[in-house]
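Colleague: I have a model open here and would like to go through it with you. Shall we start with how far to trust it?

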Amino acid sequence: MHQQRSEPHLSPSSDTEDIVAILAPRLAYFAGVARTEHVTRAAQEMQVPQSTLSRAMVRLEHDLGVDLFARRGRTVSLTPAGRTFLASVERALAEIERAADEVRADADPATGKVAFGFLHTMGSETVPGLIRAFRADHPRVRFSLVQNYGEAMIERLRSGELDLCLTSPVPDAPDLVARRLDEQKLRLVVPADHRLASRRRIRLAEAADETFVTLEPGYGLRRITDDLCQQAGFRPRVAFEGEEAETLRGLVAAGLGVALLPPPAVARPGVVELTVTAPRAAREIGVAWLDGHPDTPPVAAFKKFLLSKRGNLLPD
């Protein structure tokens, strides 16, 4: 316990050399002695007691089972094994230095990074608008963006690849925190020459005999489509399963089937979009993150920004 308390700790003001010395002390000590070929001089340069440095080298050689130095008093020279080891140690220390610089840069409040995932249907208008508005006050924050379906993004949250994700349905899992931000109405999209195209509103049951084009199983919108059709009393006949809503809209225009879709960013010719009056056709959009996962300053700022958009996330 005493040894643990007396060891140095990282602080935000520590420079890279300090970080290397704390994270890999014996390797840093070895490189210092190898560079100076003098234990006393190395101890002075690294500002550690000479006895500490000597013991660290003896322990390192003991653990490796190899002599790294030939000793002549305070002066030392590398053995062939020591020269081989030094080459790898210098690469390892350089990689630690690079990694320390990278994680510090990612956590910087002004220039750090946010790993953000979002649905395909949020990519054309909603997410670009959000990032543009956020960067008005945080112009140098960087984004690592992932566009995918909901379940894939949740897995990336759990693996640590994402800090936040914008998804639907809003997940309910013990290891996640999720907040509902908005609701998006879904429409029944039919070809412009369809028998229902003259209508403005429709009960979904009236489309029971239609062929549907849908997203693949695993997509949140596919699950919602199946649930709504079940509530309307039928199971949809599926002609095509895709990965992107606008592809489905194009296939509807080609006459391949009908689809339940969110509103498009830009109106597409060749289709008519009908309001579904029953059952209530809408999906919730929310933001999720891993419970207990500490936020860097840029992630905390973007999370706060997203939560401030509750009820006003989607464009009119």
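Modeller: This is a predicted model, and over residues 1–10 its pLDDT stays under 50, a stretch for which the model has seven contacts beyond four places in sequence.

Colleague: What should I do with coordinates where pLDDT is low?

Modeller: Where pLDDT is low, the predicted coordinates should not be read in detail.

Colleague: And what is the mean pLDDT of the protein chain?

Modeller: The mean for the protein chain is 90, with 92% of its residues reaching 70 or more.

Colleague: Okay, on to the sheet of four strands: what order do they come in, and is it open or closed?

Modeller: The sheet is open, and its four strands follow the order E8-E12-E7-E11 with mixed pairing. Strand E8 (201–203) and strand E11 (259–261) form the edges, each of them pairing on one side only. On average, and with direction ignored, neighbouring strands of this sheet are turned by 45 degrees against each other.

Colleague: How many bridges join E7 to E12, and do they run parallel or antiparallel?

Modeller: Strand E7, residues 187–191, runs antiparallel to strand E12, residues 271–278, and five bridges join them; within that pairing, Leu 188 stands opposite Leu 274 in E12.

Colleague: Different topic: where is Pro 171 found?

Modeller: Pro 171 lies in the loop between strand E5 (164–167) and strand E6 (176–185).

Colleague: Which residues is Pro 171 in contact with, leaving aside its neighbours within four places in sequence?

Modeller: With those neighbours set aside, Pro 171 contacts Ile 154, Leu 176, Ala 178 and Ala 288. As for Glu 151, its C-alpha is 9.1 Å from that of Pro 171, while the two residues are 20 residues apart in sequence.

Conventions:
Residues numbered from 1 in each chain as written. Predicted model: local features only at pLDDT ≥ 70, side-chain atom pairs only at ≥ 80, totals over all residues. Heavy atoms only, no water. Pairing = 2+ DSSP bridges. Helix = DSSP H or I, 4+ residues; strand = E, 2+ residues; numbered from the N terminus. Axes fitted to C-alpha atoms, helices over the stretch in contact; angles between N-to-C directions. Contact = heavy atoms within 4.5 Å. pLDDT = per-residue confidence, 0-100.
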